[in-house]
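Subject: Structure handover

Hello,

Please find the structure below, with its sequence. My notes on what was found in it follow.

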Amino acid sequence: MLSMSFLTVLFWYCRRLYSFLAQLLKRWSNYLQRQLIRNLSVLPEVDLLGYSAREWKGETKQAKQMREAYEELFRSYHIKYLRQVRRDNYSVIRAVLFQIFSQGIPFPSWMKERDILKLPEKLLYSQGCNWIQQYSFGPERYTGPNAFGKLRKCMEALKTNWAEISTTRDHEERGSMCNTLFSDENKEYKLYEAIKFIMLYEVIEAYEQIKSSDEPVHNLFSLLFARDSSSDPLSFMMNHLNSIGDSICLDQVELFLLGYLLQVKIRVYRLHRFNTEEFQVKYPDEYRREWNEISLLTEDDRYYHIPLFRM
């Protein structure tokens with residue numbers, strides 16, 4: 001009888017302990033989930049029209065136009081959801097890279113032919129671009145001789161993560177890897193700085209080709225060098241590239257360059273240009289048939305979100 005009572009009490013305590021541990025584990029899991037979502041720079045999908053109704057309340061002319069633009073995306077373009085992208089000056093690079101990774105898009109062909117890890121040294125030793133020491137990493141300005149070491153680490157981060165994620169065939173696993181990567185601020189900023197540097201490398205290559213008249217270059221470089229503020233690679237870096245991630249984001253010409261170097265067709269729905277020919281644009285406007293397509297939407301040409309299509 002005594003043994004039965006002891007076993008009953010022991011069972012009761014074990015059951016209470018199990019219940020306590022289960023609740024503790026659930027709370028810890030919920031806490032980690034909240035922390036992950038809080039750190040995510042690309043949020044989970046939300047209903048498109050619900051987002052529009054929350055963000056554009058009221059009866060002002062702008063609010064009405066934005067709601068109409070969202071309704072048009074829903075009705076005519078089969079965009080039913082969107083993923084919000086963190087509103088900072090890396091916004092468009094983040095939105096583009098996230099889609100490239102989550103879709104498993106491989107390296108562009110030119111990256112497969114060259115070792116991108118050697119690009120910083122190539123520009124320094126082969127082409128004598130000592131002024132690259134004035135390169136700025138977003139808010140971090142003018143790191144001097146350390147710029148080359150930091151750039152190599154950024155290139156390593158881009159190459160390693162891109163290769164690992166693009167070779168992952170399972171869609172859910174790839175999505176989980178993207179969520180983890182884009183919730184680590186230090187890692188993702190290295191990716192963006194690597195992309196910025198590759199943009200600079202492409203501009204330098206095009207500038208040298210124009211000077212030597214070896215071969216024709218894409219017309220986007222003519223547009224870029226026609227600007228007073230980016231008439232050569234140094235002025236492009238000092239007046240534009242160095243401030244991206246800090247005080248400015250990519251402008252229209254640089255979006256052409258981004259699509260060109262990553263070999264993706266970037267389709268952008270510009271909601272503030274609703275009912276005009278500029279409502280839907282492509283970057284670049286000339287592209288090869290085999291290039292993958294990604295889509296963005298913007299309300300102001302500054303911050304971008306990711307539209308999701310459903311039939």
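The sheet is open and has 6 strands, in the order 1-2-6-5-3-4, with mixed pairing. Its edge strands, each paired on one side only, are strand 1 (46-47) and strand 4 (280-283). Two strands count as paired if DSSP finds at least two bridges between them. Helices (H or I, at least four residues) and strands (E, at least two) are DSSP runs, numbered from the N terminus.

This is a predicted model, in which local features need pLDDT of at least 70 and side-chain atom pairs count only at pLDDT 80 or more, while totals for chains, interfaces and linings use all residues. Residues are numbered from 1 along each chain as its sequence is written, and side-chain values use heavy atoms, with hydrogens and water left out.

Overall, the protein chain has 12 helices and 6 strands. Of its 311 residues, 46% count as buried; buried means under 20% relative accessible area, exposed over 50%, and partly exposed in between (1.4 Å probe, protein chains only). Among contacts in the protein chain with a separation of 6 or more, 73% come from residues 24 or more positions apart. A contact means heavy atoms within 4.5 Å.

Strand 1 and its surroundings

Strand 1 pairs with strand 2 (residues 79-83) in the antiparallel sense, over 2 bridges. Val46 has Leu82 in strand 2 as its bridge partner. Helix 4 (residues 91-102) packs on the sheet, where it touches strand 2, strand 3 (264-270), strand 5 (292-298) and strand 6 (304-309). The direction of helix 4 makes about 145° with that of strand 5. Axes here are lines fitted to C-alpha atoms, for helices over the stretch in contact, and angles run from 0 to 180 degrees between N-to-C directions.

Helix 2 (residues 48-55) has Leu48, Tyr51 and Ser52 as its buried residues. Seen down the helix axis, these fall within an arc of 100°, so they line one face of helix 2. The arc is that of the directions from the helix axis to the C-beta atoms. The cover over these residues includes strand 1, helix 3 (61-76), strand 2, strand 5 and strand 6.

Strand 4 and the loops

At the other edge, strand 3 and strand 4 run antiparallel and are joined by 4 bridges. One of the bridge pairs is Arg267 with Lys282 in strand 4. In a regular strand the side chains alternate between the two faces of the sheet. Strand 4 shows this: Val281 and Tyr283 point to one face and are buried, whereas Gln280 and Lys282 point to the other and are not.

The peptide bond from Tyr283 to Pro284 is cis, with omega near -10°. Pro284 sits in the loop between strand 4 and strand 5.

Two residues that are not glycines have a positive phi: Gln263, at about 55°, and Asn275, at about 70°. Gln263 is in the loop between helix 12 and strand 3, and its relative accessibility of 17% makes it buried. Asn275 is in the loop between strand 3 and strand 4 and is exposed, at a relative accessible area of 64%.

Helices 8, 9 and 12

Helix 9 (residues 185-212) packs with helix 12 (residues 252-262) at an angle of about 90°, their axes 10 Å apart. That makes the two helices roughly perpendicular, a label for angles of 65 to 115 degrees; under 35 counts as roughly parallel, over 145 as roughly antiparallel and the rest as oblique. From helix 9, Ile195, Ile198, Met199, Glu202 and Val203 meet Glu254, Leu257, Leu258, Tyr260, Leu261 and Leu262 of helix 12. By class, this contact has 9 nonpolar, no polar and 2 charged residues. Ala, Val, Leu, Ile, Met, Phe, Trp, Tyr, Cys and Pro count as nonpolar, Asp, Glu, Lys and Arg as charged, and the others, Gly among them, as polar.

Ile195, in helix 9, is buried with a relative accessible area of 0%. Not counting residues up to four places away in sequence, Ile195 touches Ile93, Leu97, Leu158, Leu258 and Leu262. Ile195 and Leu262 are 67 residues apart in sequence, with 9.0 Å between their C-alpha atoms.

In helix 8 (residues 171-181), the buried residues are Arg174, Cys178 and Leu181. They fall within an arc of 65° seen down the axis, so they line one face of helix 8. These residues pack against helix 4, helix 7 (146-166) and helix 9.

Regards
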